[in-house]
Amino acid sequence: MIELDMSNVWGEFSLPQLLETEQEVFAAHKLLAEGKGPGNDYIGWLELPTAEDTAEMVRIKRAAERIRENSDVLVVIGIGGSYLGPRAAIELLKGQNHNLMNDDPQIFFAGNNLSTRAWQELCRLLEDKDFSINIISKSGTTTEPAIATRALRWMLERKYGTEKARARTYVTTDPENGALRQMANEEGWESFIIPPDVGGRYSVLTAVGLLPMAVAGIDISALMAGAAEAQKALDIRSFENPAWQYAAIRNLMYRHGKALELLCTYEPDAKMLGGWWQQLFGESEGKDGKGLFPVTAEFTADLHSLGQMIQEGQRNLFETVIRFAPPERKTAIEVDWKDLDGLNYLEGRTLDFVEEQAYLGTLSAHVDGGVPVIPISFGPVCEKTLGELFYFFELSCGISAYMLGVNPFNQPGVEYYKRNMFHLLGKPGY
Ligand code: PA5
């Protein structure tokens with residue numbers, strides 16, 4: 001289960017100061033759970049793991065099987081939560097290089113940028129490949145995925161003809177409203193639901209994440225079971241709850257002058273998970289002139305780039321470290337009788353042992369350097385652990401944002417760049 005280690009935060013504030021926030025955390029959790037806080041139309045994600053719609057799960061699995069049978073590639077079209085959630089899950093569980101393995105269909109992502117080079121590369125990758133598309137968008141009018149949808153649906157039609165292209169087009173959107181719902185209804189595309197009370201960055205445990213994951217060969221029932229366990233375990237209203245601990249510590253760090261939260265992992269396959277976390281906390285909390293700026297680092301690689309800044313730069317950050325349980329299959333360090341690199345002292349040691357020492361050494365170095373570190377331990381990398389992790393961070397984020405006094409479920413600031421872009425593009429009405 002999830003465990004948060006608080007032993008390195010006491011240089012910033014005291015245990016009594018943490019306990020003083022109890023009423024506040026309780027009130028924030030209550031507001032969230034009872035749907036009485038700002039943005040309360042968007043708390044459907046709280047119950048998703050246990051309110052799992054079995055019929056929808058069966059349809060997701062059937063569609064995934066069909067795609068696995070008739071497609072070399074699934075192109076997932078989406079941006080924000082519709083992109084980061086599925087990609088984070090697939091890369092963590094199947095590996096960053098999953099597309100180079102031959103066991104499952106390749107998963108490519110489109111509609112998350114406006115890069116001509118990225119588009120042309122995707123076209124080359126799709127040449128001679130059988131593919132299907134999964135368009136994910138609540139509104140259906142977000143510029144990046146809408147442009148990619150136009151291009152890919154015509155590409156499908158040119159390759160397979162209208163009828164067969166229809167059978168290769170899957171949509172995940174609002175059950176009733178929005179342009180994509182209308183398109184799905186008019187075109188007869190198979191469609192899955194983003195519940196109206198679940199916003200983009202809280203949608204990974206809906207068809208948004210589950211369909212691409214299932215196509216990639218991930219056991220989505222095990223993932224949902226993990227999330228359901230977390231939903232139950234994290235419902236306690238006391239400081240035993242790691243979501244309470246994390247929400248309270250983040251807020252105290254912020255109140256004590258910290259400006260940045262650095263999420264670190266020692267797992268390269270968790271890079272996109274960092275992106276998912278960054279959107280979750282950044283879009284939920286960064287408003288009304290408030291909020292910790294969420295940044296990510298991948299250790300040990302980034303110790304050789306950001307390490308200097310963390311150790312001796314501005315003292316305005318703290319670290320949250322995701323720790324997965326050690327792998328069951330070990331890899332031994334090789335022996336070399338010449339020992340020119342001086343590594344023979346590690347003879348008989350395993351790679352994960354070295355990684356653990358790097359982690360412990362980094363932790364104490366950063367704490368000594370004035371950077372508080374909050375390690376959060378999860379189980380081994382697997383579906384169940386990831387389900388727990390998704391739910392843990394979503395719940396912590398909701399509580400933390402209410403403690404901060406902001407609405408976690410809107411993103412008014414994102415509209416600014418869009419308005420300017422639409423004006424420059426000459427969109428009618430802008
Ligand atoms: O969290 C959110 O709601 C946003 O980041 C959206 O996911 C993103 O803007 C995409 O929106 P849509 O699903 O309407 O295409």
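Me: Why does Lys 330 count as partly exposed in this structure?

Reply: In this predicted model, Lys 330 has a relative accessibility of 46%, and because partly exposed covers the values between under 20% for buried and over 50% for exposed, Lys 330 counts as partly exposed.

Me: How do you know that the side chains of Asp 352 and Lys 330 meet in a salt bridge?

Reply: The N to O distance between the side chains of Asp 352 and Lys 330 is 3.1 Å, and a salt bridge asks for a side-chain nitrogen of Lys or Arg within 4 Å of a carboxyl oxygen of Asp or Glu, so the pair meets the criterion. Asp 352 lies in helix H14 (residues 351-368) and Lys 330 in the loop between strand E9 (317-323) and H14, so the salt bridge ties together parts that are 22 residues apart in sequence. Asp 352, at 18% relative accessibility, counts as buried, because the limit for that word is under 20%.

Me: What makes Lys 94 and Asp 104 a salt bridge, and which parts does the pair tie together?

Reply: The side chains of Lys 94 and Asp 104 meet with an N to O distance of 3.1 Å, which is within the 4 Å that a salt bridge allows. Lys 94 lies in helix H4 and Asp 104 in the loop between H4 and strand E3 (106-110), so the parts tied together are 10 residues apart in sequence. The structure holds 23 salt bridges.

Me: Is Lys 94 called buried or partly exposed, and how is Asp 104 described?

Reply: Lys 94 has 31% relative accessibility and counts as partly exposed, whereas Asp 104 has a relative accessible area of 18% and is buried, because buried means under 20% and partly exposed lies between that limit and over 50%.

Me: How do you know that Lys 418 forms a salt bridge with Glu 415, and why are the two separated by about one helical turn?

Reply: The closest N and O atoms of Lys 418 and Glu 415 are 3.7 Å apart, which is within the 4 Å cut-off for a salt bridge. Lys 418 and Glu 415 are three residues apart in helix H16, and therefore they are separated by about one helical turn. Lys 418 counts as buried at 18% relative accessibility, while Glu 415 is partly exposed, with a relative accessible area of 34%. Elsewhere, salt bridges that share partners join Glu 56, Arg 59, Arg 66 and Glu 190 into one network.

Me: Why is Glu 91 called buried, and with which side chain does it make a polar contact?

Reply: Glu 91, which lies in helix H4, has a relative accessible area of 6%, and because buried means under 20%, Glu 91 is buried. The side chain of Glu 91 makes a polar contact with the side chain of Arg 87 at 2.8 Å, within the 3.5 Å that a polar contact allows.

Me: What surrounds the ligand, and which atoms of the protein lie by its oxygen atoms?

Reply: The ligand is surrounded by 13 residues, and the closest are Ser 137, Lys 138, Ser 139, Thr 142 and Gln 279. A polar side-chain atom of Ser 137 lies 2.6 Å from an oxygen atom of the ligand, a polar backbone atom of Lys 138 is 2.8 Å from a ligand oxygen, and a backbone N or O atom of Gly 81 lies 3.4 Å from an oxygen atom of the ligand; each of these distances is within the 3.5 Å used for a polar contact. The ligand taken alone exposes 390 Å², of which the protein buries 87%. Helix H4 (81-94) and helix H12 (271-285) are the elements that give two or more residues to the shell around the ligand, and the residues of that shell divide into one nonpolar, nine polar and three charged.

Me: Why is Asp 128 called exposed, and what is its phi?

Reply: Asp 128 has 77% relative accessibility and counts as exposed, because that word applies over 50%. Phi of Asp 128 is near 65°, a positive value in a residue other than glycine, and Asp 128 is found in the loop between helix H5 (116-126) and strand E4 (131-136).

Note on methods:
Residues numbered from 1 in each chain as written. Predicted model: local features only at pLDDT ≥ 70, side-chain atom pairs only at ≥ 80, totals over all residues. Heavy atoms only, no water. Near = heavy atom within 4 Å. Polar contact = N/O pair within 3.5 Å; in protein donor to acceptor, adjacent residues only side chain to side chain. Areas by Shrake-Rupley, 256 points an atom, 1.4 Å probe, with all protein chains shown as cover. Helix = DSSP H or I, 4+ residues; strand = E, 2+ residues; numbered from the N terminus. Nonpolar A, V, L, I, M, F, W, Y, C, P; charged D, E, K, R; others polar. Buried < 20%, exposed > 50% of the residue type's maximum accessible area, 1.4 Å probe, protein only.
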